[in-house]
Amino acid sequence: MAAEPADGPAAAPEQGPVFSPGESLVFRVSYLGMSVGRAVAVVGAGTEVDGRKVWPIVGTARTDPFYSFWPVKDRFVTWWDPVEKSSIGSEFHADHNKWRRRERVRYDRKALTASFLCEKEYAPRFEETVAIEPDTRDIIAALYTLRQRRLAVGDHEEISVYTGKHIFPMKVDVQRTEELEVGAGKFDAVIAKVEVEFSGKTATKKMEMAFSNDARHIPLKMDAEFLFGAIVAELQSYEKGVSRP
């Protein structure tokens, strides 16, 4: 279901959580100006992981059939604690042209450590435990954390991000507001410059993100220049979640 325009009732400030189980975001992804696939983020129903009550935030990325010569089928889950408003860990399953990799992270907030497990085809199993900051989380959890911040023009936010390879601060500077039209409709938006320290081919030269300028801070668009080229993700549809514990 597409989101209502920004001047409609859906743009009014809401009570309760910014996001909740049932929320669905669908993005069209373009590479070098060509549509190549889609990405979906869904907040799942409450469940229990490691004795904690959490919401699974599930992200999937798929290339279009046209790109069958290099298919991408990725699935990422961050286990979100709605009480602490933070992630307790994550799971990542990557499938790039049938080359598969599985990663798992668990956070110990009391000990301030993260346990990382990586399993690749035709490679030894890798495990390590690293020291983290109190607010460290994965990139998806960082995005959902950002949605809960004020995001007014002039605001600066920093969130510690752990990729399983290294930890870096995600720096966000809210620069302006504008009316933005995406596949899901027209929105009053806030535009932020984002700095992340990805490495290798995913190192970024520039990144900008747009969020709806209301209490939900719906991600509307990401425009990023990586070393391997420019990627744009634009929201095509939005479905509101159901507010419940």
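1. Which residues does Val172 touch, not counting residues up to four places away in sequence? In this predicted model, the contacts of Val172 are Leu146, Asp155, His156, Glu157, Ala192, Lys193 and Val194.

2. Val172 belongs to strand β11, which covers residues 167-182. With a relative accessible area of 1%, Val172 is buried, since buried means under 20%. One of its contacts, Ala192, lies 20 residues from Val172 along the chain, and the C-alpha atoms of the two are separated by 6.3 Å.

3. Another contact of Val172 is Leu146, a buried residue of helix α1. The helix spans residues 139-146, and six of its eight residues are buried, so α1 is largely enclosed by the rest of the structure. The buried residues of α1 are Ala141, Ala142, Leu143, Tyr144, Thr145 and Leu146.

4. The start of α1 has a polar contact to check in the coordinates: a side-chain oxygen of Asp138 comes within 3.0 Å of the backbone nitrogen of Ile140.

5. Ser30 is a separate case, located in strand β1 (residues 24-31). Is Ser30 buried or exposed? Its relative accessibility is 18%, and the cut-off for buried is under 20%, so Ser30 counts as buried.

6. Leaving aside residues up to four places away in sequence, Ser30 touches Ser35, Val36, Ala230, Ile231 and Val232.

Methods
Residues numbered from 1 in each chain as written. Predicted model: local features only at pLDDT ≥ 70, side-chain atom pairs only at ≥ 80, totals over all residues. Heavy atoms only, no water. Helix = DSSP H or I, 4+ residues; strand = E, 2+ residues; numbered from the N terminus. Buried < 20%, exposed > 50% of the residue type's maximum accessible area, 1.4 Å probe, protein only. Contact = heavy atoms within 4.5 Å. Polar contact = N/O pair within 3.5 Å; in protein donor to acceptor, adjacent residues only side chain to side chain.
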